[in-house]
Amino acid sequence: MILTEELLRRAAVQAEINLLAQIPQENEIKHTFSKRYERKMRRLIRSQRRPPAVNTAIRVTKRTVLVLAAAVTLMLATVLGVGAWRARFFEMLQEVFEKYTEIRFEITDGGARAVSEFEIWIPAYIPDGYNLTASIEHPEIGFIMYEYSDAYNHFIVYCQNLPDAGVVQYNTENTGVIDVKVGENAGHYLATDGRDVVFWTNDSYFFDITTSLGEKETLRIAKSVTKKKS
Amino acid sequence: MLIYLAGIGSEEEKSKFEYIYESYQKQIYYVALRILKDSHLAEDAVHETFLKLIPKLPDFKDPKSGETRRYVILTAESVCIDMYRKKHKRDVGAVFFEDLPYEVAAAASSDTDEVAILIEKLPLNYSVIIKYKYTFGFTDKEIAKELAITESNVRKRLERARNALLKLMEGAEATL
């Protein structure tokens, strides 16, 4: 027998048919997906709700990957501890896994703020030499991001999010999360992959700042975040 | 689930996604479990498969068609290969699993059937690339995009797949 392209094509189709015939119909497969899977799928589907500009920015700006922290090894995750604290409109849960920390938001009885009420907060202090190089403002979905860079391609990424029962993850492999105060609000600092991250909430929003400036300077920027004057 | 679909592209894409999600989620899991043999990994593979499928929604002409089902399952298989590689830190070569993930028919009644059976016996990454090439008619460039590898790697892998198939054919003929 000679293996011609035509024979290969027919055989490949037949192989596919043989395979598909072995897969039961959807309603015949008895499997209940885990909560972790359901949560991941909800997050995936929600990400499709972002305007394309936001998704593109998230894809192409590797720096923001840390901020939005998409790349983690979930399959090796082991829950090490759970801490929770309550804000006026939402509950923020921190789960510490082996290789990352997951921040999950759950809307409490007070309900989410209406999107029309979204108020933009910005850092009043940015170190000398840094200029605004990119900005994404989507108050309609509760997402703000500003990126500042200097001449040496160092960067500061600031994000403000309206928690909407979503999830943010930080790579915390080989590092720990330290409790800090950002003004009157409880916040957290972590150093990972040469980057310094401070994240915190106030009564209504979740904020995070990523820099390569060290804890003190990153915290200084965080503390300067104030409501933007209209 | 429906409330989360509110933001996915057009109404048409939303409807396609809804159909694919509800019709294939467990089938993808079934395939992934047979390949990866780990429930957690298999669920991760379902998630990864949907990640790969969402940008393709505009290309699905009819989500209810057999072609869509074939493409969904093939995508799931390629995702599983990728996950298997990452887990075992393998970048190149054939991906052999402990057991073949599917049942293979014992007897063939035609040349086509015989070669089909041999394709099913190939390492999964070889059979997957053959299916992309010969059942979907993808170009090397399109396969490279699907599998996130270079075009030259696609050509190499296709050649290896063909050679592996030829060896299997020689072996099959020798036993006659």
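This report walks through chain A, its interface with chain B, and a few salt bridges and buried spots in a predicted model.

**Chain A on its own**

Let's start with the overall picture. Chain A has 230 residues, and 50% of them count as buried. Its secondary structure comes to five helices and 13 strands. If you take the contacts between residues at least 6 apart in sequence, 53% of those in chain A join residues at least 24 apart. The accessible surface of the chain is about 11400 Å², and carbon and sulfur atoms account for 51% of that.

One place to look inside this chain is Leu132(A), which sits in strand β5, residues 131-138. Setting aside neighbours within four places in sequence, Leu132(A) is in contact with Tyr146(A), Glu147(A) and Tyr148(A). From Leu132(A) to Asp150(A) the C-alpha to C-alpha distance is 9.1 Å, with their positions 18 residues apart in sequence.

**Where A meets B**

Now for the interface. The size of an interface is often given as the accessible area lost when the parts come together. For chain A and chain B that buried area is about 4600 Å², with carbon and sulfur atoms giving 65%. On the chain A side, Met1(A), Leu3(A) and Glu26(A) lose the most area to chain B, and together they make up 15% of what that side buries. In terms of residues, 39 from chain A are in contact with 52 from chain B.

What about polar links across the interface? There are 15 residue pairs in polar contact between the two chains, counting pairs with both residues at pLDDT 80 or more. Two elements of chain A, α1 (5-22) and α2 (35-47), give two or more residues to the side that touches chain B. Of these, α1(A) gives the most, with 15 residues. By type, the residues on that side of chain A divide into 19 nonpolar, nine polar and eleven charged.

The count of salt bridges between chain A and chain B is two. One of them pairs Arg36(A) with Asp44(B), with the closest N and O atoms 3.1 Å apart.

**Salt bridges**

Over all chains, the whole structure holds ten salt bridges. Four of them are set out here, with the N to O distance for each.

| Salt bridge | N to O distance |
|---|---|
| Arg36(A) and Asp44(B) | 3.1 Å |
| Glu6(A) and Arg10(A) | 3.7 Å |
| Lys133(B) and Asp140(B) | 3.1 Å |
| Arg155(B) and Glu151(B) | 3.9 Å |

Take the pair in α1(A). Why can Glu6(A) and Arg10(A) be described as about one helical turn apart? Because they are four residues apart in helix α1 of chain A. More broadly, an α-helix has 3.6 residues a turn, so residues three or four places apart point the same way. Glu6(A) is partly exposed, with a relative accessible area of 37%, and Arg10(A) also counts as partly exposed, at 36%.

Chain B has a pair with this kind of spacing too: Arg155(B) and Glu151(B) both lie in helix α7, residues 151-174, four residues apart, or about one turn of the helix. Arg155(B) is partly exposed at 42% relative accessibility, and Glu151(B) is partly exposed at 34%.

The other chain B bridge in the table involves Lys133(B), partly exposed at 25% relative accessibility, and Asp140(B), which is buried at 17%. Which residues are linked in a network of salt bridges? They are Lys133(B), Asp140(B), Glu151(B) and Arg155(B).

**Two covered spots in chain B**

Lys133(B) falls within the residue range of helix α5 of chain B, which runs over residues 124-134 and is mostly covered, with ten of its eleven residues buried. Among the buried ones are Leu124(B), Tyr126(B), Val128(B), Ile129(B), Ile130(B) and Tyr132(B).

Tyr132(B) brings us to Glu146(B), a residue of helix α6, residues 140-147 of chain B. Is Glu146(B) buried or exposed? Its relative accessible area is 8%, so Glu146(B) is buried. Leaving out neighbours within four places in sequence, Glu146(B) is in contact with Lys52(B), Lys56(B), Tyr71(B), Tyr132(B) and Phe138(B). With Tyr71(B) there is also a polar contact of 2.7 Å between the side chains.

Notes
Residues numbered from 1 in each chain as written. Chains lettered and ligands numbered in written order. Predicted model: local features only at pLDDT ≥ 70, side-chain atom pairs only at ≥ 80, totals over all residues. Heavy atoms only, no water. Buried < 20%, exposed > 50% of the residue type's maximum accessible area, 1.4 Å probe, protein only. Contact = heavy atoms within 4.5 Å. Areas by Shrake-Rupley, 256 points an atom, 1.4 Å probe, with all protein chains shown as cover. Buried area = accessible area lost by both parts, 1.4 Å probe. Salt bridge = Lys/Arg side-chain N within 4 Å of Asp/Glu carboxyl O. Polar contact = N/O pair within 3.5 Å; in protein donor to acceptor, adjacent residues only side chain to side chain. Nonpolar A, V, L, I, M, F, W, Y, C, P; charged D, E, K, R; others polar.
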